[in-house]
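Let's take a walk through this protein together, one region at a time. Keep the structure open beside the text and turn it as you read.

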Amino acid sequence: MNNFIFIPIIIFGLIILISAFFIVKQQTAAIIERFGRFQAIRQSGLRFKIPLVDRIAGRLSLKIQQLDVIIETKTLDDVFVRLKVSVQYKVIRDKVYDAFYKLDYPHDQITSYVFDVVRAEVPKMKLDDVFVKKDDIALAVKAELNDAMSDYGFDIIKTLVTDIDPDAQVKQAMNRINASEREKIAAQFEGDAQRILIVEKAKAEAESKRLQGQGIADQRREIARGLEESVEVLNRVGINSQEASALIVVTQHYDTLQSLGEETNSNLILLPNAPQAGSNMLNDMVASFAASNQIGEAMKEARKKKE
């Protein structure tokens, strides 16, 4: 009977003994209180406390944590914008006591400082500057938080402005502006391309005209040489230069008539085109050449008399 009385005592003693040991996880700190008063801080591993006297008041994670804060504020150009600021922080290992006892709600404290800094910095900037200088905003938030939270045992690792969300109408307006700018640039490129095409086309036409003129000049030069040779041949058989030139012109006249006759779809009419036209042309040309020679001789005589 006495043995049965000691069994509950032994079990109770074992429970008390087991409760004296506890485990603290890696990157965690446990706060031990004795009768409601701070006693010690226990780091990771298997730890001991006095049963029924000491108790674990709380545990703090020493890992880097992140708090996302969303703030709505107004810019210098009166545009309302929502910013998402991510704050990465951790409890300083040597200041676990301050982090546990000085602040009940560290998240609320950090959020308040983020609101204060962002609403002081963003109203100084225009909307475009908010996008460009978001890193400056993040640095200002970090500097303010480090000064304030270090006394409470918290180290601010980094702050990031992860999202900037203007009003929907403002975003639509910005998209329209961007689209208009791109259309303007596209129009400029198209205009430049058209201008280049026109310039190149003009250059090609100029080169074509130059080559065409050169071809005509070469053609006329060869015709002149042929006429000169023809006149020389006719001179050998006793025909003077005027008569030879007239004969050549009449020959070309009949060659032209022959070429026109070979073209079935030609609408060209050669005037005059009477049967006696060739004879009249030859007589007229011989007479004109003779008259021009007489005028030339008269001018030479007049010049000699003056001299």
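Strands S2 and S3 are a good place to begin: S2 spans residues 28-34 and S3 spans residues 37-42, and the two pair in the antiparallel sense over five bridges. Keep in mind that this is a predicted model. To find the pairing, look for Arg34, whose bridge partner in S3 is Arg37. Two residues sit between the strands of this hairpin, and Phe35 there takes a positive phi near 55 degrees.

Strand S2 has another partner as well. It pairs with S5, residues 54-61, in the antiparallel sense, this time over seven bridges. A handy landmark on this side is Ala30, which stands opposite Arg59 in S5. How covered is S2? It is mostly covered, with six of its seven residues buried. As background, strands of a sheet pair through backbone hydrogen bonds, either parallel or antiparallel.

S2 and S5 are also linked through side chains. Arg55 forms a salt bridge with Glu33, and the closest N and O atoms are 3.0 Å apart. This pair links distant parts of the chain, since Arg55 belongs to strand S5 and Glu33 to strand S2, 22 residues apart. Is each of the two buried or exposed? Glu33 counts as buried because its relative accessibility is 7%, under the 20% cut-off. Arg55 counts as partly exposed, at 46% relative accessibility.

The search of the whole structure finds eight salt bridges, so let us visit two others. In general, side chains of opposite charge can pair when their charged atoms come close. One of these bridges joins the side chains of Asp98 and Lys102, at 3.7 Å from N to O. Asp98 is buried, with a relative accessible area of 17%, while Lys102 is partly exposed at 47%. Another salt bridge joins Arg210 and Glu207, where the closest N and O atoms are 2.6 Å apart. Both residues lie in helix H6, which covers residues 168-236, and because they are three residues apart there, about one helical turn separates them. Arg210 is partly exposed, with a relative accessible area of 46%, and Glu207 also counts as partly exposed, at 35%.

Now turn to the surface around the start of the chain. Which residues form the nonpolar patch? Ile10, Leu14, Leu17, Ile18, Phe21, Ile23, Leu46, Phe48 and Ile50 do, with about 930 Å² of accessible area together. At least two residues of the patch come from each of helix H1 (2-19), strand S1 (21-24) and strand S4 (45-48). H1 supplies the largest share, four residues. Ile18, which lies in helix H1, is worth a closer look: it counts as exposed because its relative accessible area is 60%, over the 50% cut-off.

Next comes a sheet of three strands. It is an open sheet with the order S6-S7-S8 and antiparallel pairing. Strand S6 (65-74) and strand S8 (154-166) stand at the edges, each with a single partner strand, so one side of each has no neighbour in the sheet. On average, neighbouring strands of this sheet are turned by 20 degrees against each other, direction ignored. S6 and S7, the latter covering residues 80-91, run antiparallel and are joined by ten bridges. If you want to trace that pairing by eye, find Gln65, which stands opposite Tyr89 in S7.

Two helices lie across strands of this sheet. Helix H3, residues 106-121, lies across S6, S7 and S8, and runs at about 35 degrees to S6. Helix H5, residues 134-149, lies across S7 and S8, and runs at about 145 degrees to S8.

Finally, step back to the whole protein, with its eight helices and eight strands. Of its 307 residues, 21% are buried. The accessible surface comes to about 21700 Å², and 55% of that belongs to carbon and sulfur atoms. Among contacts between residues at least 6 apart in sequence, 63% join residues at least 24 apart.

Terms used. Residues are numbered from 1 along each chain as its sequence is written. This is a predicted model: local features need pLDDT of at least 70, side-chain atom pairs count only at pLDDT 80 or more; totals for chains, interfaces and linings use all residues. Side-chain values use heavy atoms; hydrogens and water are left out. Buried means under 20% relative accessible area, exposed over 50%, partly exposed in between (1.4 Å probe, protein chains only). Two strands pair if DSSP finds at least two bridges between them. Patches are made of residues with over 30% relative accessible area and no salt bridge: like charges are joined within 9 Å, nonpolar side chains (Val, Leu, Ile, Met, Phe, Trp, Tyr) within 5 Å. Accessible areas come from the Shrake-Rupley method with a 1.4 Å probe; for residues, only the protein chains shown count as cover. A salt bridge is a side-chain nitrogen of Lys or Arg within 4 Å of a carboxyl oxygen of Asp or Glu. Axes are lines fitted to C-alpha atoms, for helices over the stretch in contact, and angles run from 0 to 180 degrees between N-to-C directions. Contact means heavy atoms within 4.5 Å.
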